[in-house]
Amino acid sequence: MSGSRKHKAKMSREKQRKKPPYMSILFMIIVIAIFGAAIYLIMSETALLEPVNRDAIKMTITMAGFEPNIIRAKAGQSVTINLINPDNSHHTDGGGVHNFILTAGSARVNITVQPESQKVFTFTPTQAGEYHWYCDSCCGGSENPGMHGTLIVA
Ligand SMILES: [Cu+2]
């Protein structure tokens, strides 16, 4: 008699411990939402932009640095760069903004490219030599060895 009552009490305690079904549905919705957001971020990260000026030097700038990071020019001849920034604004460091800062003799360039956009700019180096450009908006800026490039003027 008392044994059967004990058994019933144990059964009801086990029933109480079971989670209500809507909790697992809610959990599934949260999991799907998180995966969806992650896939969206990964896909938008790799959004490729076609250069607007095909005669310009095509250059990309991402958190990995400039590509290419060496360009050659001739003194007195203009250089036109189509700088593409495929990074999105979800980057916590610098918000996906990059820039191109260069001083080559009397030529001074300071260009900012917003996330997922591009800019075309022209400058004319006047003297032969090696000059460095850099980005100072992310990853330690000019202190980051990856955020540099070299302009070789002959
Ligand atoms: Cu940068």
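Strand 1, which covers residues 57-62, runs antiparallel to strand 2 and is joined to strand 2 by three bridges. Within this pairing, threonine 62 of strand 1 has glycine 65 of strand 2 opposite. The model described here is a predicted one, and the account below starts from this pair of strands before turning to the rest of the chain.

**The four-stranded sheet**

Strands 1 and 2 belong to an open sheet of four strands, whose order is 2-1-4-7 and whose pairing is mixed. At the edges of this sheet lie strand 2 (65-67) and strand 7 (117-123), each of which pairs on one side only. From one strand to the next, the twist averages 25°.

Two backbone details are found in loops beside these edge strands. The peptide bond that leads from glutamate 67 to proline 68 is cis, with omega near 0°, and proline 68 is located in the loop between strand 2 and strand 3 (70-73). Glutamate 116, in the loop that lies between strand 6 (107-113) and strand 7, has a phi near 55°, which is a positive value in a residue other than glycine. Is glutamate 116 buried, partly exposed or exposed? Glutamate 116 counts as partly exposed because it has 16 C-beta neighbours inside 10 Å, a count that falls between the limits of 12 or fewer for exposed residues and 20 or more for buried ones.

**The loop ahead of strand 1**

Arginine 54 is placed in the loop between helix 2 (21-45) and strand 1. With 8 C-beta neighbours inside 10 Å, arginine 54 is therefore classed as exposed. Although arginine 54 and asparagine 82 are 28 residues apart in sequence, their C-alpha atoms are 8.1 Å apart in space.

**The five-stranded sheet**

A further open sheet consists of five strands in the order 3-9-8-5-6, again with mixed pairing. Its edge strands are strand 3 and strand 6, and each of these pairs on one side only. Neighbouring strands in this sheet are turned against each other by 20° on average, when direction is ignored.

Strand 8 (residues 129-134) has antiparallel links to strand 5, through two bridges, and to strand 9, through six bridges. Individual residues show how these strands are matched: isoleucine 101 has tyrosine 134 of strand 8 as its bridge partner, while tyrosine 131 stands opposite leucine 151 of strand 9. The antiparallel pairs described in this report are collected below.

| Strand pair | Bridges | Residues facing each other |
|---|---|---|
| Strand 1 and strand 2 | Three bridges | Threonine 62 and glycine 65 |
| Strand 5 and strand 8 | Two bridges | Isoleucine 101 and tyrosine 134 |
| Strand 8 and strand 9 | Six bridges | Tyrosine 131 and leucine 151 |

**The nonpolar core**

In soluble globular proteins, nonpolar side chains tend to be buried together. Which members of the largest nonpolar core touch the most other members? This core has 17 residues, and those with the most contacts to other members are Ile61, Leu83, Phe100, Leu102, Cys135 and Leu151. At least two core residues are supplied by each of strand 4 (79-85), strand 5 (98-104) and strand 9 (148-153), and strand 4 gives the largest share, with four residues. Leucine 102 touches Val109, Tyr131, Trp133 and Leu151, when residues up to four places away in sequence are left out of the count.

**The chain as a whole**

The protein chain contains two helices and nine strands, and their pattern along the sequence is α-α-β-β-β-β-β-β-β-β-β. Of the 154 residues in the protein chain, 18% are buried. Among contacts in the chain with a separation of 6 or more, 65% are made by residues 24 or more positions apart.

Confidence in the prediction varies along the chain and should be kept in mind when the details above are read. The mean pLDDT of the protein chain is 85, and 84% of its residues reach 70 or more. Confidence is lowest in helix 1 (residues 2-17), where the mean is 58, and highest in strand 3, where the mean is 98.

Conventions. Residues numbered from 1 in each chain as written. Predicted model: local features only at pLDDT ≥ 70, side-chain atom pairs only at ≥ 80, totals over all residues. Pairing = 2+ DSSP bridges. Axes fitted to C-alpha atoms, helices over the stretch in contact; angles between N-to-C directions. Contact = placed C-beta atoms within 7 Å. Core = buried A, V, L, I, M, F, W, Y, C linked by C-beta atoms within 7 Å. pLDDT = per-residue confidence, 0-100.
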